[in-house]
Amino acid sequence: FVITYAGTLYEYQKIEILIKSIQKLHYEFRKKIKVYFIGVNMIPKEYSRIKKLIANFEDTFIIKERIPKKELIKYYEKTDLLFLTGYKKNKGWFPVKLIEYYITNIPMLLCPSDNGEMENFIKESNCGFIANNEIECKKILINLLKLKSEKKLLIPKIRESIMYEYTQEKQTEKLVKILDK
């Protein structure tokens, strides 16, 4: 089972929940899970933080340098779940990563939630899962591991129609309405 996080990691992103959940799953079930953190080495302090969190689990958590988009797509092709984390200090933020992940049609895990735009998008589009603590995260991962072992879809059906709401055209239309007021 492969999980991928691509991009810069910031101090206010709580990746500890995912890491601790997977470590516990490893001890409890001996499940084969690989987590790729691609490009998280951009901020030295955050790179050190993640290195400490994954100590003794380097076979499970693999840190890769930032790579070109073409190479990243190769990782996505092997990925079962894309990882997102809410931005603690930036409520209402809608990161580009969310759209980049969405167009891959790979399920996402938002952990912890931003309790805002990211969560709303995932719920509306049915493109992933939301966990706010280790118990919720482990429960989701156990279910996904079971579905994969049974060769079932990890997510029933992503609602592609929701994407129109996030196009430049639609966002510009919303902005114009706000400015008109």
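Lys64 is partly exposed in this predicted model, with a relative accessible area of 31%. The residue is found in strand β3, which spans residues 61–64. Lys64 also belongs to a surface patch of positive charge. The other members of the patch are Lys70, Lys74 and Lys78. Patch membership requires over 30% relative accessible area and no salt bridge. At 31%, Lys64 is over that cut-off.

Strand β4 covers residues 81–84. Its side chains point in two directions. Leu81 and Phe83 point one way, and Leu82 and Leu84 point the other way. All four residues are buried. Two strands pair with β4. Strand β1, residues 2–6, pairs with β4 in the parallel sense over 2 bridges. Here Thr4 has Leu82 as its bridge partner. Strand β5, residues 108–110, also runs parallel to β4, and 3 bridges join these two strands. In β5, Met108 is the bridge partner of Leu82. Leu82 is thus a bridge partner of Thr4 and of Met108.

Charged contacts were then examined. The whole structure holds 10 salt bridges. One of them joins the side chains of Arg49 and Glu16, at 2.9 Å from N to O. Arg49 lies in helix α2 (residues 44–53) and Glu16 in helix α1 (residues 16–29), so this pair ties together parts that are 33 residues apart in sequence. Both Arg49 and Glu16 are buried.

Arg49 has a salt bridge with Glu46 as well, at 2.6 Å from N to O. Glu46 and Arg49 are 3 residues apart in helix α2, which means that about one helical turn separates them. Glu46 is buried, as is Arg49.

A further salt bridge connects the side chains of Lys148 and Asp80, at 2.9 Å from N to O. This pair links distant parts of the chain, 68 residues apart. Lys148 sits in helix α6, residues 134–149. Asp80 sits in the loop between α3 (69–77) and β4. The two partners differ in exposure: Lys148 is partly exposed, with a relative accessible area of 38%, whereas Asp80 counts as buried because its relative accessibility is 12%, and the cut-off for buried is under 20%. Elsewhere, salt bridges with shared partners join Glu16, Glu46 and Arg49 into one network.

Key. Residues are numbered from 1 along each chain as its sequence is written. This is a predicted model: local features need pLDDT of at least 70, side-chain atom pairs count only at pLDDT 80 or more; totals for chains, interfaces and linings use all residues. Side-chain values use heavy atoms; hydrogens and water are left out. Buried means under 20% relative accessible area, exposed over 50%, partly exposed in between (1.4 Å probe, protein chains only). Two strands pair if DSSP finds at least two bridges between them. Patches are made of residues with over 30% relative accessible area and no salt bridge: like charges are joined within 9 Å, nonpolar side chains (Val, Leu, Ile, Met, Phe, Trp, Tyr) within 5 Å. Accessible areas come from the Shrake-Rupley method with a 1.4 Å probe; for residues, only the protein chains shown count as cover. A salt bridge is a side-chain nitrogen of Lys or Arg within 4 Å of a carboxyl oxygen of Asp or Glu. Lys and Arg count as positive and Asp and Glu as negative; His and the chain ends are not counted. The place of a charge is taken as NZ of Lys, CZ of Arg, CG of Asp or CD of Glu.
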